[in-house]
Structure formats: C-alpha cells, structure tokens
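Let's take a look at how a protein chain packs against itself. Keep the model open as you read.

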Amino acid sequence: MTPLVICAIFASNHRGMEKIYNLKATERAFFNMYVELMTVQSPINRLRKQERQVLAEIMYQNSTLSKDYKDPEDSKKWRELFSYERKQEMAEAVGSMSEASFANCLSSLRKHGLLDADNYLHKGLRIYPNEKNGIVFNFTIRNAK
C-alpha cells in the first residue's frame, strides 16, 4: 500500500512559530492514528480502546469499500459494510474479536452517536484519504490568573 502523509500538526507561540510533524502510514494505520488523535474531544474520548479500534476499522473499511461505488454515500455500500461477512472480517482485523464483543462495540458506538441506528457513520467520520491529508490543531493559550 502507498504510504500516506497523514498529519501536519501546527503549534504557534507568541512569535508566530509553527511546528509541523509529518507522519506516514498505510491507509489502515491512518485511521487508527486519526481516531487516537481525536480522543482529545468528546465523544471519542469516552470510548474504550477496543471500541476505538473498531471505530477505526469501520472508518477504514468504509473508505476502502467506497472506492467500488460511484457515490461514496450509496446506501448499498452501507449494507455491504455491515454484512455478516464484513463484520467478521473487521472483528478479525482488530484482534480476533468474538462476534459478541464486536456487537457490543457497535452498540457502544451507536450509544455515543458515532453510528446511527442504520449503521451509518457520523458524517464527521466519513473520511476518504488521499496522498496528502492534514489535521491542524490551533491552540489558544489563555493567561492563568
């Protein structure tokens, strides 16, 4: 698989200095890193490690499967993404997870609003990476009083 430049993190000080970190990864690793980086915000910060791994795998499978469809939001793609066979494949990819554990993780993702009742990913998590993706963190430092 082609490595992806997946993240450019910027930090500035009062002199306007920027620091950029370039990370390279496979597409699957991109989603694992992305989910881990997003643990700074709710509701992802409330997920257990196994649930974050399942979320990253769903995001990866969604991106991969979307390449077979003219419209990446095609309802047929979502049915295929959560077919019995695909769920087994995803459970295996995150570490030989049992069917029951995988189902529990899906329930938790629904409870946190990251999947809806029809198993559609939250719109903010429908990411289709290309050769260069970036994530920018802008920090606002408040003076302590």
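Leaving aside its neighbours within four places in sequence, which residues is Met59 in contact with? Contact here means heavy atoms within 4.5 Å, and the partners of Met59 are Phe31, Tyr34, Val35, Leu121, Leu125 and Ile127.

A quick note first: this is a predicted model, where local features need pLDDT of at least 70 and side-chain atom pairs count only at pLDDT 80 or more, while totals for chains, interfaces and linings use all residues. Residues are numbered from 1 along each chain as its sequence is written, and side-chain values use heavy atoms, with hydrogens and water left out.

Now for the middle of things. The largest nonpolar core (buried Ala, Val, Leu, Ile, Met, Phe, Trp, Tyr and Cys residues joined through side-chain atoms within 4.5 Å) has 33 residues, and Val54, Leu55, Ile58 and Met59 touch the most other members. Helix 2 gives this core its largest share, seven residues.

Ser63 also sits in helix 2. With 2% relative accessibility, Ser63 counts as buried, a word that means under 20% relative accessible area with a 1.4 Å probe, protein chains only. Away from its sequence neighbours within four places, Ser63 is in contact with Glu27, Phe31, Ile127, Tyr128 and Pro129.

Here are some of the helices (DSSP runs of H or I, at least four residues, numbered from the N terminus):

| Helix | Residues |
|---|---|
| Helix 1 | 27-37 |
| Helix 2 | 49-66 |
| Helix 4 | 84-93 |
| Helix 5 | 99-111 |

Technical notes. Helix = DSSP H or I, 4+ residues; strand = E, 2+ residues; numbered from the N terminus. Buried < 20%, exposed > 50% of the residue type's maximum accessible area, 1.4 Å probe, protein only. Axes fitted to C-alpha atoms, helices over the stretch in contact; angles between N-to-C directions.
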